[in-house]
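Please open the structure in your viewer and keep the sequence panel beside it, as this tour moves from the whole chain to a few chosen residues.

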Amino acid sequence: MSAEEQFGELVRIMDRLRGPGGCPWDREQTHQSIKRYVIEEAHEVAEAIDREDDTELCAELGDLLLQVVFHAQMAREQGRFTIEDVLRAINEKMQRRHPHVFGDATATTSAEVLRNWARIKQEEKGEQDRSLLSGVPRSLPALQRAHRLAEKAAQVGFDWAEPTAVLGKVHEELAEFEAALAAGDRQRISAELGDLLFALASLARHLRFHAEDALQAANDRFLARFQWIEEQLVAAGKDAHGLSAEQWDEWWERAKRSVPD
């Protein structure tokens, strides 16, 4: 079957699952009850991308697509909108926001494309939403949200010119954090720590990294090295709870050599 036919089949399957004589579980669901699955499936897609596993990525993209069809089916039943409305809206949006492809505008660089996208989006929303930083969900992981907020601000020139300038800001925020720490003011310590993390996220962005990805990779390294130590301790008949700080340092250095980046 073609892509159109396969998509139509998925819509029909969802309609049957939700219809009379369908699946009791599917029929009981609401937008609220399954909204967490959209986030979970998106994360599973991201993990498949990181693993570079095409088979897994194909399957996870299908699971994510199912969530779109599921929500659209529930909306259709309530007379709010249909999957056709969803598809029509995104098709029209993609054409409007790519006037350099579907219209007479010109954009020869990615930066120009992003500026045009932001301008067109602002025009579409009109008086409803005047902030250039709108559209970044608060529910995003904090480092990812910091990246997107700064990225949007950069589209209108609110940014550092080069990574070395951002590094200077990191040093500045670190000094302010150290001063707050010395003063013992917990509220100020929290605020300065947040500013420092935001500056680090901006530095990562300027270096063409995502702070979220970098931290996740660090988490994975920490986990692998700590578990290596645990395995070595078990093999040696030692208890992790009985190690001194100095012994932990020694084991950690060994783990870093045995479990490289």
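How many helices and how many strands does the protein have? In this predicted model, the protein has 12 helices and zero strands, and from the N terminus on its elements run α-α-α-α-α-α-α-α-α-α-α-α. The radius of gyration is 25 Å, well over the 18 Å that the globule rule gives for 261 residues, so the protein is more spread out than a compact globule.

**The whole chain**

Begin with the C-alpha trace, which spans about 65 × 50 × 35 Å along the principal axes of the protein. If you then colour the residues by burial, you should find that buried residues make up 24% of the 261 residues. Switch next to a surface view, where the protein exposes about 18000 Å², with carbon and sulfur atoms supplying 54% of that area. Colouring by charge brings up 33 positive and 48 negative side chains, and the centres of these two sets lie 5 Å apart. Should you display contacts between residues at least 6 apart in sequence, 51% of them join residues that are at least 24 apart.

**The nonpolar core**

Now select Trp 228, Ile 229, Leu 233, Leu 243, Trp 251, Ala 255 and Val 259, the seven residues that make up the largest nonpolar core. Show helix H11 (211–235) and helix H12 (245–258) together with them, since each of these helices supplies at least two residues of this core. The largest share, three residues, comes from H11.

Stay in this region and centre the view on Leu 233, which is itself a member of the core. Leaving aside neighbours within four places in sequence, which residues are in contact with Leu 233? They are Lys 238, Ala 240, Leu 243 and Trp 251, and of these Leu 243 and Trp 251 also belong to the core.

**Around Ala 154**

For the last stop, select helix H8 (residues 142–154), in which Ala 154 is found. Is Ala 154 buried or partly exposed? Ala 154 is partly exposed, because its relative accessible area of 23% is not under the 20% that counts as buried. Once its neighbours within four places in sequence are left aside, Ala 154 is in contact with Asp 159 and Arg 205. Finally, draw a distance from the C-alpha of Ala 154 to the C-alpha of Ala 111: the two residues are 43 apart in sequence and 9.9 Å apart in space.

Notes: Residues numbered from 1 in each chain as written. Predicted model: local features only at pLDDT ≥ 70, side-chain atom pairs only at ≥ 80, totals over all residues. Heavy atoms only, no water. Helix = DSSP H or I, 4+ residues; strand = E, 2+ residues; numbered from the N terminus. Rg over C-alpha atoms; globule rule 2.2 N^0.38 Å. Buried < 20%, exposed > 50% of the residue type's maximum accessible area, 1.4 Å probe, protein only. Contact = heavy atoms within 4.5 Å. Areas by Shrake-Rupley, 256 points an atom, 1.4 Å probe, with all protein chains shown as cover. Lys, Arg positive; Asp, Glu negative; His and termini not counted. Charge placed at Lys NZ, Arg CZ, Asp CG, Glu CD. Core = buried A, V, L, I, M, F, W, Y, C linked by side-chain atoms within 4.5 Å.
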